[in-house]
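This report describes the surroundings of a ligand and the enclosed space inside a protein.

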Amino acid sequence: MSAQNQREQWGSKIGFILAAAGSAIGLGNIWKFPYVAGENGGAAFVLIYLICTALIGLPVLIGEILIGRSTSKDPVGAFKSLSGSKFWASVGGMGVIAGFIILSFYAVVAGWSLGYIYEAVTGKFHAFPEPSQAANHFGDLIGNVYWIVGYFALFMIITMFVVVAGVQKGIERGSKIMMPILFALIIILVIRGVTLEGAEAGIAFLLKPDWSLITGKSILEALGQSFFTLSMGMGAMLTYGSYMSKKDNIPTSAVNIVILDTSIALLAGLAIFSSVFATGLDPTAGPGLIFHTLPVVFTKMPGGYIFSIVFFILLSIAALTSAISLLEVITAYFVDEKNWSRKKAVMVFGGITFLIGIPSALSFNVLSNFSIFGLSFFDFADYITSNIMLPLGGLLISVFIAYRWGFGNALANLRNGAENLIDNYPVLVTIWKISVKYLSPVLIFLVFLYSIGIFN
Ligand code: PHE
């Protein structure tokens with residue numbers, strides 16, 4: 001192995017946790033979670049989402065990180081070395097491809113967030129104080145090819161800049177700087193939101209369960225959200241796990257990641273709904289909640305100018321630390337398997353991701369009439385990854401651990417760094433076993449059937 005390809009490790013335990021939490025916390029928490037919870041019964045949905053995360057999300061996350069740490073390899077190399085089989089290597093390959101596709105549309109939305117920092121700083125929101133005006137303004141921006149492709153390119157360049165610097169000097173250092181800022185910014189926004197007059201209605205909306213809105217569909221929606229938000233099923237957590245030391249405790253780290261990710265989703269929901277209700281706007285605006293409704297909310301609240309800047313910086317940081325993990329999966333694959341230099345892998349695949357993302361960016365303007373299976377290019381990329389590739393990846397990870405690698409082998413590896421926990425609390429091992437052997441495969445299979453439309 002040449003010095004250039006010497007594999008890096010995280011510099012510290014907290015470095016791994018912050019980087020992995022950075023991957024998990026993203027548009028899924030701040031943009032998607034609040035509106036999905038809002039549409040699916042508020043607290044009732046949140047409760048089901050928490051149960052799904054505890055019973056399936058956490059066990060599969062532990063398994064995915066473990067596969068990475070046990071092999072110190074990228075997803076393809078990891079599955080190959082544990083099984084020696086082409087089929088399982090191709091499961092890793094599917095993850096690498098999924099990462100690529102997710103990044104290509106994720107970075108488009110992240111670009112909007114960067115663009116909205118500029119809108120906020122230049123005080124544009126005050127020029128469009130009515131919800132319909134704000135929605136039209138958003139439509140005009142994403143309808144502009146130069147605006148959408150320009151900010152997309154800018155976001156990709158920033159992402160590449162961090163990844164090219166390497167695991168410790170890029171990803172870990174970036175996460176250590178950005179994650180504390182993210183936590184501070186969200187606390188500021190929550191305090192602002194809940195202290196507004198009339199905020200109680202928003203808090204109640206998020207915390208009071210409406211069981212009548214819970215259907216089979218929303219239960220499965222909760223599980224899907226749990227996957228996307230924990231960055232599971234495509235090898236991002238596997239790759240981050242591969243830079244972990246064998247002495248680190250995986251179960252405890254995974255619990256920390258889940259707690260951080262879930263708290264940020266709940267806090268984002270609290271900040272957004274308390275502000276939306278206090279200003280008398282529509283909480284069920286769906287995916288447009290952040291880009292049409294929130295700017296109007298900011299024009300109506302005291303200090304809204306500052307808080308609008310804070311919000312879009314927060315959103316951009318969250319998206320950036322997730323995008324970094326997506327680009328790292330492809331980079332790790334070319335560095336580990338093809339012996340490329342990190343720089344070459346980042347340049348080539350950052351560039352290709354940008355090219356693949358262009359049709360997604362153009363879905364909102366020149367290609368708006370073009371569709372694949374009735375979906376725009378953007379929605380298609382989102383659909384095949386979030387609804388098909390991630391659940392399938394998660395399902396295969398639990399099947400791999402339980403039935404191919406073998407639960408005993410997995411447990412023996414998991415014990416490294418977690419001896420006390422595993423020896424003193426055998427009940428936790430039993431829960432993990434039941435989850436990876438039965439609960440996760442069966443329930444994920446149901447999500448999968450749901451997402452390909454079997455139950456519709
Ligand atoms: N977890 C990220 C979010 O919530 C999205 C993501 C999915 C990142 C898969 C990496 C891998 O925004």
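**The ligand shell**

In the classes used here, Ala, Val, Leu, Ile, Met, Phe, Trp, Tyr, Cys and Pro count as nonpolar, Asp, Glu, Lys and Arg as charged, and the others, Gly among them, as polar. By these classes, the shell around the ligand has 6 nonpolar, 8 polar and no charged residues. The model is predicted: local features need pLDDT of at least 70, side-chain atom pairs count only at pLDDT 80 or more, and totals for chains, interfaces and linings use all residues. Residues are numbered from 1 along each chain as its sequence is written, and side-chain values use heavy atoms, with hydrogens and water left out.

There are 14 residues around the ligand (a heavy atom within 4 Å of it). Ala 24, Leu 27, Gly 28, Tyr 106 and Phe 228 come nearest.

**Polar contacts**

Polar contacts are pairs of N or O atoms within 3.5 Å. A polar side-chain atom of Tyr 106 lies 2.5 Å from a ligand oxygen atom, and a polar backbone atom of Gly 28 is 2.8 Å from an oxygen atom of the ligand. In the side chain of Ser 231, an N or O atom is 3.0 Å from a ligand nitrogen atom.

**Helices around the ligand**

Helices are DSSP runs (H or I, at least four residues), numbered from the N terminus. Two or more residues of the shell around the ligand come from each of helix 1 (13-24), helix 2 (27-39), helix 10 (216-229) and helix 14 (304-338).

Definitions and conventions: A polar contact is a pair of N or O atoms within 3.5 Å; within protein, one must be able to donate a hydrogen and the other to accept it, and residues adjacent in sequence count only if both atoms are side-chain atoms.
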